[in-house]
Amino acid sequence: QLACPLDLGCHSVSCFVLVDMGTGLRLQKRLASSVLGVGKKRVWLDPNEINEIATANSRANIRKLVRDGFIIAKPVATHSRSRVRVRAEAKRKGRHMGTGNRKGTRDARMPAKLLWMRRMRVLRRLLKKYREQKKIDKHMYHELYMRVKGNVFKNKKNLMESIFKAKADKAKEKQLTDQAEARRLKARALKEKATDKKEAKKAATAAKKAEK
């Protein structure tokens, strides 16, 4: 079975006759392409109305044939993205990412500088937030800021643990200081009380001797 010589998708004898006669439908296809505003490959000519289409030699005639449905613009052939979506989903799971599928060095694929910038911004943002919420004072903020800059903390969790530990140590130190101060005050009070008692006793003894 021979393919249609006019690329109409049919196997009508009339197509071969038209080609043999040297007529063809190249003019009609070109005019239809211009009228419909599509490429010549997308123009469909009704194989059952070849004779009527062949007589159309002006744009007006082509427009009439379009209205009658003898000439139609084929739909655009879709470029499916289903395979791309499947592969992208697999890549999100870590497939197709081995050494054989990588292009570029590790630093080119994910620059160390970019990772550093991201980490610094995250940690500095956390410090600023804690300072605004009065969770840390300006002195602790500055100390932690410089330690962040010195690459002491790997991530936000490490920094938070360090803050909590520093605050706990500070609170414990303050508690111990307060306890020591309270003990000093208590000891001083007891000493003063003992001194007063001793003085009172001394005074009472002296008064008793004076009476005798």
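Select His96 first, in the loop that runs between α5 and α6 (106-109). The model is predicted, and in it His96 has a positive phi of about 55° although it is not a glycine. With a relative accessible area of 32%, His96 is partly exposed, because the partly exposed class lies between the 20% and 50% limits.

**A second positive phi**

Go next to Asn151, in the loop between α8 and α9. Here too phi is positive in a residue other than glycine, with a value near 65°. Asn151 counts as partly exposed, at 43% relative accessibility.

**The whole chain**

Now zoom out and colour by secondary structure. The protein chain contains 9 helices and 2 strands. Their order along the sequence is α-α-β-α-α-β-α-α-α-α-α. Switching to a surface representation shows an accessible area of about 16900 Å², 54% of which belongs to carbon and sulfur atoms. Of the 212 residues in the protein chain, 19% count as buried. Among the contacts with a separation of 6 or more, 53% are between residues 24 or more positions apart.

**The salt bridge in α5**

Return to the side chains and display the charged residues. The structure holds 6 salt bridges, and three of them are stops on this tour, beginning with Glu89 and Arg92. The side chains of Glu89 and Arg92 meet at 2.8 Å, N to O. Both belong to helix α5 (residues 82-92), and because they are 3 residues apart there, about one helical turn separates them. How exposed are the two partners, Glu89 and Arg92? Glu89 is partly exposed at 36% relative accessibility, whereas Arg92 is exposed, with a relative accessible area of 62%.

**From a loop to helix α9**

Select Asp137 and Lys170 together. They form a salt bridge in which the closest N and O atoms are 3.2 Å apart. This pair links distant parts of the chain: Asp137 is in the loop between α7 and α8 (138-149), Lys170 is in helix α9, and 33 residues lie from one to the other in sequence. Asp137 counts as partly exposed at 31% relative accessibility, and Lys170 counts as partly exposed at 46%.

**Within helix α9**

Stay on helix α9 and select Lys165 with Asp169. Their salt bridge has its closest N and O atoms 3.5 Å apart. What separates Lys165 and Asp169 along helix α9? Because they are 4 residues apart in the helix, the separation is about one helical turn. Lys165 is exposed, with a relative accessible area of 54%, while Asp169 is partly exposed at 41%.

Next, select Ser162, also in helix α9 (residues 156-211). Is Ser162 buried or exposed? Its relative accessible area is 14%, and since buried means under 20%, the residue falls in that class. Show the surrounding side chains to see what Ser162 touches: beyond its neighbours within four places in sequence, it is in contact with Leu144, Arg147 and Phe153.

**A nonpolar patch**

Turn to the surface and select Met110, Leu114 and Leu115. These residues make a nonpolar surface patch of about 220 Å². Leu115 belongs to helix α7 (residues 112-132). At 42% relative accessibility, Leu115 counts as partly exposed.

**A positive patch**

For the last stop, select Arg26, Arg30, Lys40, Arg59, Arg63 and Arg67, which form a positive surface patch. Which helices each supply at least two residues of the positive patch? They are α2 (26-36) and α4 (59-68). The greatest share comes from α4, with 3 residues. Centre the view on Arg30, which has its place in helix α2. Arg30 counts as partly exposed, at 44% relative accessibility.

Technical notes:
Residues are numbered from 1 along each chain as its sequence is written. This is a predicted model: local features need pLDDT of at least 70, side-chain atom pairs count only at pLDDT 80 or more; totals for chains, interfaces and linings use all residues. Side-chain values use heavy atoms; hydrogens and water are left out. Patches are made of residues with over 30% relative accessible area and no salt bridge: like charges are joined within 9 Å, nonpolar side chains (Val, Leu, Ile, Met, Phe, Trp, Tyr) within 5 Å. Accessible areas come from the Shrake-Rupley method with a 1.4 Å probe; for residues, only the protein chains shown count as cover. A salt bridge is a side-chain nitrogen of Lys or Arg within 4 Å of a carboxyl oxygen of Asp or Glu. Lys and Arg count as positive and Asp and Glu as negative; His and the chain ends are not counted. The place of a charge is taken as NZ of Lys, CZ of Arg, CG of Asp or CD of Glu. Buried means under 20% relative accessible area, exposed over 50%, partly exposed in between (1.4 Å probe, protein chains only). Contact means heavy atoms within 4.5 Å.
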